[in-house]
Amino acid sequence: MTTSSTHHHDAAPAAPLKAEILERFAREVAKYPEAGKQSAVMACLAIVQQDEGYISMQREREIADYLGMAPIAVHEVTTFYNMYNQHPVGKFKLNVCTNLPCQLRDGVTALVHLEKKLGIKMGETTDDGLFTLQQSECLGACADSPVMLVNDRTMCSFMSNEKLDQLIEGLRGSTKGEAA
């Protein structure tokens, strides 16, 4: 079964934020004057995602409360940036740039190839939980198209079908021997 990319309301409330997460929030907030503590919103979102893998609506509300913000203001940040997951994603999040310059240089071809290879559509996660495939806004490497970002950290350029196949097999291989 694949996972849709829509942002669902939380089915059951999660436990409150852990003390160590709140301590990390406090360290981030301390970097700003009291009146500017809302500036820590991106750091707080990143902390929650690092700990839980995604940012639920409940966590958005808790961050809003912590920072003295309207929940919609936190939600706007979460939904504006590709790096924040609004639902659980696979171990490997693959963001393929499909903006016009990349489209003109095989960006969509790369996306379609990955959809076929992984057996999922854009916005879905493979049944084994390894891969989530997403479309991306410009990654700033138009001359290197097709480009993609793996787990919001590793930029991959000139991604021909052959290089895409090698990437997928390499990522799959990197998980061999891990406990499921």
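1. **Burial, and helix H6.** A residue counts as buried when its relative accessible area is under 20%. The model discussed here is predicted. By that cut-off, the buried residues of H6 are Gly-107, Ala-110, Leu-111, His-113, Leu-114, Glu-115 and Leu-118. His-113 and Glu-115 are on that list along with Leu-111, Leu-114 and Leu-118. An α-helix has 3.6 residues a turn, so residues three or four places apart point the same way.

2. **What covers H6.** The cover over the buried residues of H6 includes strands S1 (92-97), S2 (131-136) and S3 (148-150). Helix H5 (100-103) and helix H7 also contribute to that cover.

3. **Geometry of H6.** H6 runs over residues 107-118, which makes 12 residues. At 1.5 Å a residue, the helix should span 16 Å. The C-alpha atoms at its ends are 17 Å apart, so the length agrees with expectation. Gly-119 follows H6 and has a positive phi, near 70°.

4. **Overall fold.** The protein has seven helices and four strands. Along the sequence their order is α-α-α-α-β-α-α-β-β-β-α. The C-alpha trace spans about 50 × 35 × 25 Å along its principal axes.

5. **Surface and contacts.** Of the 180 residues in the protein, 40% are buried. The accessible surface is about 9800 Å², and carbon and sulfur atoms account for 55% of it. Take the contacts between residues at least 6 apart in sequence: 64% of them join residues at least 24 apart.

6. **Phe-131.** This residue lies in strand S2. Its relative accessible area is 0%, so Phe-131 is buried. Phe-131 and Gly-90 are 41 residues apart in sequence, yet their C-alpha atoms are 4.6 Å apart. Beyond its neighbours within four places in sequence, Phe-131 is in contact with residues including Gly-90, Phe-92, Leu-94, Leu-118 and Ile-120. Ile-168, Leu-171 and Arg-172 are also among its contacts. Leu-118 is itself one of the buried residues of H6.

7. **Thr-98.** Thr-98 sits in the loop between S1 and H5. It is a loop residue, but it is buried, because its relative accessible area is 8%. Leaving aside neighbours within four places in sequence, Thr-98 is in contact with Gln-103, Gly-107, Val-108, Leu-111, Gln-135 and Ser-136. Gly-107 and Leu-111 also appear among the buried residues of H6.

8. **Backbone points to check.** Most residues other than glycine have a negative phi, and most peptide bonds are trans. Asp-106 has a positive phi of about 80°, although it is not a glycine. It lies in the loop between H5 and H6. Its relative accessibility is 45%, so Asp-106 counts as partly exposed. Asn-151, also not a glycine, has a positive phi near 55°. Asn-151 is in the loop between S3 and S4. At 30% relative accessibility, Asn-151 counts as partly exposed. The peptide bond from Ser-145 to Pro-146 is cis, with omega near -5°. Pro-146 belongs to the loop between S2 and S3.

9. **Ser-157.** The loop between strand S4 (154-156) and helix H7 (161-174) holds Ser-157. Not counting residues up to four places away in sequence, Ser-157 touches Asp-144, Pro-146, Val-147 and Lys-163. Pro-146 is the residue on the far side of the cis bond from Ser-145. Ser-157 and Met-57 are 100 residues apart along the chain, and their C-alpha atoms are separated by 34 Å.

10. **Largest pocket.** How much space lies in the largest pocket? About 380 Å³. The lining has 17 residues, and the closest to the pocket centre are Gln-49, Met-83, Asn-151, Asp-152 and Arg-153. Asn-151 is thus listed here and also carries a positive phi. Helix H2 (residues 41-52) gives the largest share of the lining, five residues. By type, the lining divides into six nonpolar, six polar and five charged residues.

Note on methods: Residues numbered from 1 in each chain as written. Predicted model: local features only at pLDDT ≥ 70, side-chain atom pairs only at ≥ 80, totals over all residues. Heavy atoms only, no water. 1 Å grid on protein atoms, 1.4 Å probe; cavity = no way out; pocket = protein on both sides within 12 Å on 5 of 7 lines; lining within 4 Å. Points joined across faces, edges and corners; volume = space filled by probe spheres on them. Helix = DSSP H or I, 4+ residues; strand = E, 2+ residues; numbered from the N terminus. Nonpolar A, V, L, I, M, F, W, Y, C, P; charged D, E, K, R; others polar. Buried < 20%, exposed > 50% of the residue type's maximum accessible area, 1.4 Å probe, protein only. Contact = heavy atoms within 4.5 Å. Areas by Shrake-Rupley, 256 points an atom, 1.4 Å probe, with all protein chains shown as cover. Expected span 1.5 Å × (residues − 1).
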